[in-house]
Amino acid sequence: MHTSDRYLLTFAHTGSGGEAVTDEVVVERTTSLGPGGNPVYCDPTGILRAEISGAGEVRMLASGGYQAPMPPSAEPLP
């Protein structure tokens, strides 16, 4: 997989009624590199930050205190 400028991240979790819920957010490449040396991607708010490798592996990066983001799936966007 190549490195894209934009990704669609899909987070899956269980809703309050026990049903499966997904949340999607588009992130764009920044000029930063993450701890693994891969590009860092960010949502428009700057709160959601993820390091995404060329193989599509996602490492969520905390942007503030008390965060414990779960890893999403990543889909490259054109």
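In which strand does methionine 60 lie? Methionine 60 lies in strand E5. The model analysed here is predicted. In this model, strand E5 covers residues 58–61 and is an edge strand. Methionine 60 has a relative accessibility of 15%; the cut-off for burial is under 20%, so this residue counts as buried. Its C-alpha atom is separated by 12 Å from that of aspartate 43. Along the chain, the two residues are 17 positions apart.

The wider fold consists of strands. The protein chain has 6 strands and 0 helices. Read from the N terminus, the elements follow the pattern β-β-β-β-β-β. An open sheet is built from 6 strands, in the order E5-E4-E3-E2-E1-E6. The pairing in this sheet is antiparallel. Its edges are formed by strand E5 and by strand E6, the latter covering residues 73–77. Each of these two edge strands pairs on one side only. On average, neighbouring strands of the sheet are turned by 35° against each other, with direction ignored.

The pairing of E1 with E2 comes next. Strand E1 spans residues 6–14 and runs antiparallel to E2. These two strands are joined by 9 bridges. Within this pairing, leucine 8 stands opposite valine 26 of E2. The hairpin of E1 and E2 has 5 residues between the strands. In this hairpin, glycine 18 adopts a positive phi near 90°.

Strand E2 also pairs with E3. E2 covers residues 20–33, and E3 covers residues 39–42. The two strands run antiparallel and are joined by 3 bridges. Leucine 33 has proline 39 of E3 as its bridge partner. Arginine 29 stands opposite tyrosine 41, again in E3. Between the strands of the E2 and E3 hairpin lie 5 residues. Here glycine 37 takes a positive phi, near 85°.

On its other side in the sheet order, E3 is followed by E4. Strand E4 comprises residues 49–52. E3 and E4 pair in the antiparallel sense, over 3 bridges. Valine 40 faces glutamate 51 of E4 across this pairing. The hairpin of E3 and E4 has 6 residues between the strands. Glycine 46 in this hairpin has a positive phi near 85°.

Strand E3 is covered on both faces. Pro39 and Tyr41 are buried on one side. Val40 and Cys42 are buried on the other. In a regular strand, side chains alternate between the two faces of the sheet.

The aromatic residues were examined as well. The count of aromatic pairs comes to 1. The ring centres of tyrosine 7 and tyrosine 41 are 5.1 Å apart. Their planes stand at 90°, so the pair is edge-to-face. Tyrosine 7 belongs to strand E1 and tyrosine 41 to strand E3, so the pair ties together parts that are 34 residues apart in sequence. Both tyrosine 7 and tyrosine 41 are buried.

Values for the chain as a whole complete the description. The protein chain has 78 residues and a radius of gyration of 13 Å. A compact globule with 78 residues would have a radius of gyration near 12 Å, so the value for the chain agrees with that expectation. The C-alpha trace spans about 40 × 30 × 20 Å along its principal axes. Of the 78 residues, 31% count as buried. The chain exposes about 4,900 Å². Carbon and sulfur atoms supply 53% of this exposed area. Among contacts with a separation of 6 or more, 32% come from residues 24 or more positions apart.

Definitions and conventions. Residues numbered from 1 in each chain as written. Predicted model: local features only at pLDDT ≥ 70, side-chain atom pairs only at ≥ 80, totals over all residues. Heavy atoms only, no water. Pairing = 2+ DSSP bridges. Helix = DSSP H or I, 4+ residues; strand = E, 2+ residues; numbered from the N terminus. Axes fitted to C-alpha atoms, helices over the stretch in contact; angles between N-to-C directions. Rg over C-alpha atoms; globule rule 2.2 N^0.38 Å. Buried < 20%, exposed > 50% of the residue type's maximum accessible area, 1.4 Å probe, protein only. Contact = heavy atoms within 4.5 Å. Areas by Shrake-Rupley, 256 points an atom, 1.4 Å probe, with all protein chains shown as cover. Phe/Tyr/Trp six-rings, centres within 6.5 Å; stacked < 30°, edge-to-face > 60°.
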